[in-house]
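Open your viewer and get a selection box ready. We'll hop from one spot to the next, and at each stop I'll tell you what to pick and what is there.

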Amino acid sequence: MSARFPFITGLGIVSAAGFGTEEVWRAVSAGASGLKPLTLFQSPRYGQVLTGEIQRDLIGLGAPTRSSRSDKLGWLAAREAIADAKINPALRDCGDRSGVLLGTSVGGSYDSEIFLATLIKRGKMRARPTRFHECSTTVDLIADEFGLFGPSMAIATACSSSALAIAMAAEMIMSGEADVMLTGGADSMSRMTWGGFHSLLLVDAAGCRPFDATRGGMSLGEGAAVLVLESEESAQRRGAKILARLSGWGTSCDAYHATAPHPQGAGATAAMQSALRRAGLEPAAIDYVNAHGTGTRDNDIAETIALKTVFHNRVPPFSSTKRIFGHALAASGAMEAVVCVEALRHQELPPNPGFTKCDPAIGLEPVTELRHAPLTHVMSNSFGFGGNNGVLIFS
């Protein structure tokens, strides 16, 4: 095995279902939904729709005051990941050999919305919040705070953003551009995304039910997750705790439609096959799939068609954890990557809350209750608008 192969040595996660990997895994194990009515801003028409909003004081938890909501979420996840990996002093020592690569799409939009609303009402407003509007500010904040002076980048490919960020961070370690990368994603709720998804009629007011025959749409959410990726030689040099290995990753863009998936799951199929080739694995080697599973009718059907194609109708146990977190947009791939690593560590299959009835159009049933299983290789799917797809394999 190449000494440059990427290993996971630290995890951090912030979600509606809990803060930190231990609290989040307890929620996942119980199939406990973090969905609640919206409180972050007023929405007369949709305020009672269940959502994965984080209803905790982020500044009280230590997040920097001068930052956007997305920045705060990303910073909190990064702090936990660095503490978990026990490498803060090492990161400062390796300077330009460590970097940050995050996926985000909402960026500082929520804070910009507050700025604009105040400006319209009062006719004046300090412009400071607009400094944090760009997607890259979360990366900048983490890089500066923790002394990471290597490659730094933000990726915005909608719902696959953080999965693609993890894949690109792995490429940087494989190529020798970096020894350690903090990677994952962060996205907050905003009025723009709230109104946008409701206007597309893609939201289920009672909460998403991935793969269920009665599913009525997705549930919006927010959150952040950060993984510490490290080369094998770097991890061995400092005696790091190895949580898992990122053994494969694959990407594709089918560009079928701006918001709808390819009906036969062509792009999803290509990304899964690419990840398997990178990992040097046959489909039968995959023990579990954390599905993208948004709960929308078209997405769930397209994904299961792709699963049947890749696994030759012998689909391994699979589930979606979207009802636990809500769909945290650009952060969802990283949050589900944390779930996959924890599944490997605990040797348990995460349940798919919200599922009660098989859809004949799908013909498959997800895992509905937590159960023990021997897990060696697990797959995580993330499929975004515009056909931007990312698949990760953890071993």
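How exposed is Glu-23: buried, partly exposed or exposed? Select it and see: Glu-23 is partly exposed, with a relative accessible area of 29%. On this tour, buried means under 20% relative accessible area, exposed means over 50%, and partly exposed is in between (1.4 Å probe, protein chains only).

A word on what you're looking at. This is a predicted model, in which local features need pLDDT of at least 70 and side-chain atom pairs count only at pLDDT 80 or more, while totals for chains, interfaces and linings use all residues. Residues are numbered from 1 along each chain as its sequence is written, and side-chain values use heavy atoms, with hydrogens and water left out.

**Stop 1: salt bridges**

Keep Glu-23 selected and add Arg-56. Their side chains meet in a salt bridge, at 3.6 Å from N to O. Arg-56 sits in the loop between strand 4 and helix 2, and Glu-23 in helix 1 (residues 21-30), so this pair ties together parts that are 33 residues apart in sequence. Like its partner, Arg-56 can be looked up for cover: it is partly exposed, at 40% relative accessible area. Helices (H or I, at least four residues) and strands (E, at least two) are DSSP runs, numbered from the N terminus.

The rule for a salt bridge is a side-chain nitrogen of Lys or Arg within 4 Å of a carboxyl oxygen of Asp or Glu. By that rule the count comes to 13.

Next, select Arg-191 and Glu-113. They form a salt bridge too, with the closest N and O atoms 3.7 Å apart. Arg-191 lies in helix 7 (residues 191-199) and Glu-113 in helix 4, so the pair ties together parts that are 78 residues apart in sequence. Check their cover as well: Arg-191 is partly exposed at 37% relative accessibility, whereas Glu-113 is buried at 15%.

Now pick Glu-171 and Arg-278, whose side chains meet in a salt bridge of 2.6 Å, N to O. Glu-171 is in helix 6 (residues 161-175) and Arg-278 in helix 9 (residues 266-279), so parts 107 residues apart in sequence are tied together. Glu-171 is partly exposed at 34% relative accessibility, and Arg-278 is partly exposed at 35%.

To finish this stop, select Arg-215, Arg-297, Asp-300 and Asp-359 together: they are linked in a network of salt bridges.

**Stop 2: out on the surface**

Go to helix 4 (residues 109-122) and find Leu-116 there. With Leu-119 and Ile-120, Leu-116 makes a nonpolar surface patch of about 300 Å². Patches are made of residues with over 30% relative accessible area and no salt bridge; like charges are joined within 9 Å, and nonpolar side chains (Val, Leu, Ile, Met, Phe, Trp, Tyr) within 5 Å. The areas come from the Shrake-Rupley method with a 1.4 Å probe, and for residues only the protein chains shown count as cover. Leu-116 itself is partly exposed, at 46%.

Then jump to Thr-65, in the loop between strand 4 (50-51) and helix 2 (69-85). Thr-65 counts as exposed, at 54% relative accessibility. Not counting residues up to four places away in sequence, Thr-65 touches Ile-59 and Lys-72, where contact means heavy atoms within 4.5 Å.

**Stop 3: strand 15 and its neighbours**

Select residues 388-394, which make up strand 15; six of its seven residues are buried. Add strand 9 (residues 244-253), which pairs with strand 15 in the antiparallel sense over seven bridges. Two strands pair if DSSP finds at least two bridges between them. Look for Trp-249, whose bridge partner in strand 15 is Leu-392.

Now add strand 14 (residues 378-384), which runs antiparallel to strand 15 and is joined to it by seven bridges. Here Ser-380 stands opposite Leu-392. Strands 14 and 15 form a hairpin with three residues between them, and Gly-386 in the turn has a positive phi of about 75°.

Which residues does Cys-253 contact, leaving aside its neighbours within four places in sequence? They are Gly-386, Gly-387 and Asn-388. Cys-253 lies in strand 9.

Last pick: Asn-381, in strand 14. Asn-381 is buried, with a relative accessible area of 0%. Its side chain makes a polar contact of 3.2 Å with that of Glu-303. A polar contact is a pair of N or O atoms within 3.5 Å; within protein, one must be able to donate a hydrogen and the other to accept it, and residues adjacent in sequence count only if both atoms are side-chain atoms.
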